[in-house]
Amino acid sequence: MPTKKISLPSMKQLKRVLSQAAFNPRLPGPMSAMVKISDRNYLEKRAIEFVSEAEACRFVKKNTGPDALNWEEEEYQKHLRRAIQCLALAIVKEE
């Protein structure tokens with residue numbers, strides 16, 4: 001049985017994803033409340049919740065058929081970006 005060749009992501013792709021997750025902690029926005037939280041455990045758990053919400057979006061898209069709107073993919077990516085943001089804050093709190 002032939003093995004499927006895995007294509008590795010490029011540095012450019014990874015930088016793009018990380019730059020999309022970047023935010024200014026001093027400006028109001030969806031993450032402004034999270035910035036004020038000093039509990040790393042809470043930030044880690046919240047990141048897990050965001051990943052679960054993203055997974056739910058993928059499940060909805062999978063079960064709605066080919067005519068599904070693109071919003072599920074946007075929501076999926078939004079939740080994953082928020083998870084990355086929470087994890088980044090948890091890392092910063094460690095420093």
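Here a biologist and a modeller talk through a predicted model, one question at a time.

Biologist: Before we start, how are residues numbered, and what pLDDT do local features need?
Modeller: Residues are numbered from 1 along each chain as its sequence is written, and side-chain values use heavy atoms, with hydrogens and water left out. As this is a predicted model, totals for chains, interfaces and linings use all residues, side-chain atom pairs count only at pLDDT 80 or more, and local features need pLDDT of at least 70.

Biologist: Thanks! Which pattern does the protein follow along the sequence?
Modeller: Helices (H or I, at least four residues) and strands (E, at least two) are DSSP runs, numbered from the N terminus. The protein has four helices and zero strands. Read along the sequence, that gives the pattern α-α-α-α.

Biologist: What percentage of the residues count as buried?
Modeller: Buried means under 20% relative accessible area, exposed means over 50%, and partly exposed lies in between (1.4 Å probe, protein chains only). The protein has 95 residues, and the share that counts as buried is 18%.

Biologist: And how much of the exposed area do carbon and sulfur atoms supply?
Modeller: Accessible areas come from the Shrake-Rupley method with a 1.4 Å probe; for residues, only the protein chains shown count as cover. The protein exposes about 7,700 Å², and the part supplied by carbon and sulfur atoms is 60%.

Biologist: Among contacts between residues at least 6 apart in sequence, what share joins residues at least 24 apart?
Modeller: A contact means heavy atoms within 4.5 Å. Among the contacts you describe, the share joining residues at least 24 apart is 67%.

Biologist: Let's turn to charges. How many salt bridges does the structure hold?
Modeller: A salt bridge is a side-chain nitrogen of Lys or Arg within 4 Å of a carboxyl oxygen of Asp or Glu. One of them joins the side chains of Glu75 and Lys78, at 3.3 Å, N to O. In the whole structure, the number of salt bridges is four.

Biologist: Which helix holds Glu75 and Lys78, and how far apart are they in it?
Modeller: Glu75 is partly exposed at 24% relative accessibility, and Lys78 is partly exposed at 30%. The two are three residues apart, so about one helical turn separates them, in helix H4 (residues 71–94).

Biologist: Which residue meets Glu44 in a salt bridge?
Modeller: Glu44 and its partner both lie in helix H3 (residues 40–62), four residues apart, about one turn of the helix. Glu44 is partly exposed, with a relative accessible area of 30%, and the partner is partly exposed at 32%. Their side chains meet at 3.8 Å, N to O, and the partner is Arg40.

Biologist: Is Arg46 buried or exposed?
Modeller: Arg46 lies in helix H3. Its relative accessibility is 18%, so Arg46 counts as buried.

Biologist: Which residues are linked with Arg46 in a network of salt bridges?
Modeller: The side chains of Arg46 and Glu49 meet at 2.7 Å, N to O. These two are three residues apart in helix H3, so about one helical turn separates them, and Glu49 is partly exposed at 41%. The residues linked with Arg46 in the network are Glu49 and Glu53.

Biologist: Over the face of which residue does Arg46 lie?
Modeller: A charge sits over a ring if NZ of Lys or CZ of Arg is within 6 Å of the ring centre and within 35 degrees of the ring normal. Arg46 is 4.1 Å from the ring centre, and the ring belongs to Phe50.

Biologist: Last one: not counting residues up to four places away in sequence, which residues does Arg46 touch?
Modeller: Glu53, from the salt-bridge network, is one of them. The full set is Met34, Glu53 and Cys86.
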